[in-house]
Amino acid sequence: NLFFLISGFVIAWSAEGRSWRDFAVARFARLYPGYLVCMTATFAMLLLARDPRLPADLAGYIANLLMLAPALGHPFMDGVYWSIVLEIVFYGWIALLLMTGLFQRRRLPVIAAWLAISAANEFVLNSGALRMALLTEYAPFFAGGMLAQHLVAKGRSIEAMVLALAAFLLSCDTLTVTRDWMQAHYVVSLSLAQLLGANIVIHTLFIAAVFLRRRIAPTPFIMLLGGLTYPLYLLHQNVGYLALNALAPHLGRWPALALVTGAMLTAAWLVCRFVETPVRKPLIRVLTAAVDRAGSTLAGLPASLVARA
């Protein structure tokens, strides 16, 4: 949930002053290279381990290349990938808002409508389709991040602050969805009081980070920590399970945890240093040129053909 708060802030910041095409290209270049390498590494590790609890096959790997494996009838290569799907949906809506100009001109009304629809769905409708298409379970977190960015970039306003409070209150209710899911699947869950306490803590951490952003210099070490977050997220779960299960019986739980954590951080650094960082800018240039060529081609076609396309 804290991740979605941060994402709302960062993606809104990233979209400022960009066209929808530039935004889409930048997001693809940010997400896909690291995803491809980490997903392939996870696939290789699962094949080598042959653990029946974490199966992997070539068809599943091919489905995961599209980041939407369940839509093709295959599980995610790693359990954490479910949140990438939500991120992609969020990016799609931001791109649409940029395309229509609503992001620049009517951001607060759009967020207000999104929160209203989310509240209606979570309180009354309980539609799975709406929950997926409009991210109604997590909308308060995405919206809270967007509103924080709006307050930072545009200055304080009563409307934005009221919407931020509404987003926080709605987030407290949507926590019950996750609690009920945990109870149904694992027969254990945190109490509502614990969830509410955690929700207050993550919002406090997020607000503190926003206020302290000018006091923490973007040193190379701080930038490195930020760069590690995405590959670490992509790599840590299933590969971590395999490594912990293999090492803990021989080394003990805590030494195994320390060793696996160090290995995951090292692997994340390698991906950040030798894949994401050197690939991103050249990939953006190539994709931007391709998009520009496609736009020029369409511009040169007769209007009737463009309309059909």
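Here is a walk through helix α9 and then the packing around helix α1. The model is predicted, so local features need pLDDT of at least 70 and side-chain atom pairs count only at pLDDT 80 or more, while totals for chains, interfaces and linings use all residues. Residues are numbered from 1 along each chain as its sequence is written, and side-chain values use heavy atoms, leaving out hydrogens and water.

Start with α9, residues 158-186; helices here are DSSP runs (H or I, at least four residues) numbered from the N terminus. At 1.5 Å a residue, its 29 residues should span 42 Å, and the end C-alpha atoms are indeed 42 Å apart. Even so, α9 bends by about 30° at C172 (the angle between axes fitted to the seven residues ending there and the seven starting there). C172 is also buried, as are A160, L163 and A167, among others in α9 (buried means under 20% relative accessible area, with a 1.4 Å probe and protein chains only). The buried residues of α9 pack against α6, α7, α8 and α10. After α9 comes V187, with a positive phi near 55°.

Now for α1, residues 2-15. Its axis lies 10 Å from that of α10, at an angle of about 30° (axes are lines fitted to C-alpha atoms over the stretch in contact, and angles run from 0 to 180 degrees between N-to-C directions). The two are therefore roughly parallel, a label for angles under 35 degrees. L2, L5, I6 and F9 in α1 meet I202, H203, F206 and V210 in α10, where contact means heavy atoms within 4.5 Å.

With α8, the axis of α1 comes within 6 Å and crosses at roughly 45°.

Notes
The expected span of a helix is 1.5 Å times one less than its number of residues. Buried means under 20% relative accessible area, exposed over 50%, partly exposed in between (1.4 Å probe, protein chains only). Angles under 35 degrees count as roughly parallel, over 145 as roughly antiparallel, 65 to 115 as roughly perpendicular and the rest as oblique.
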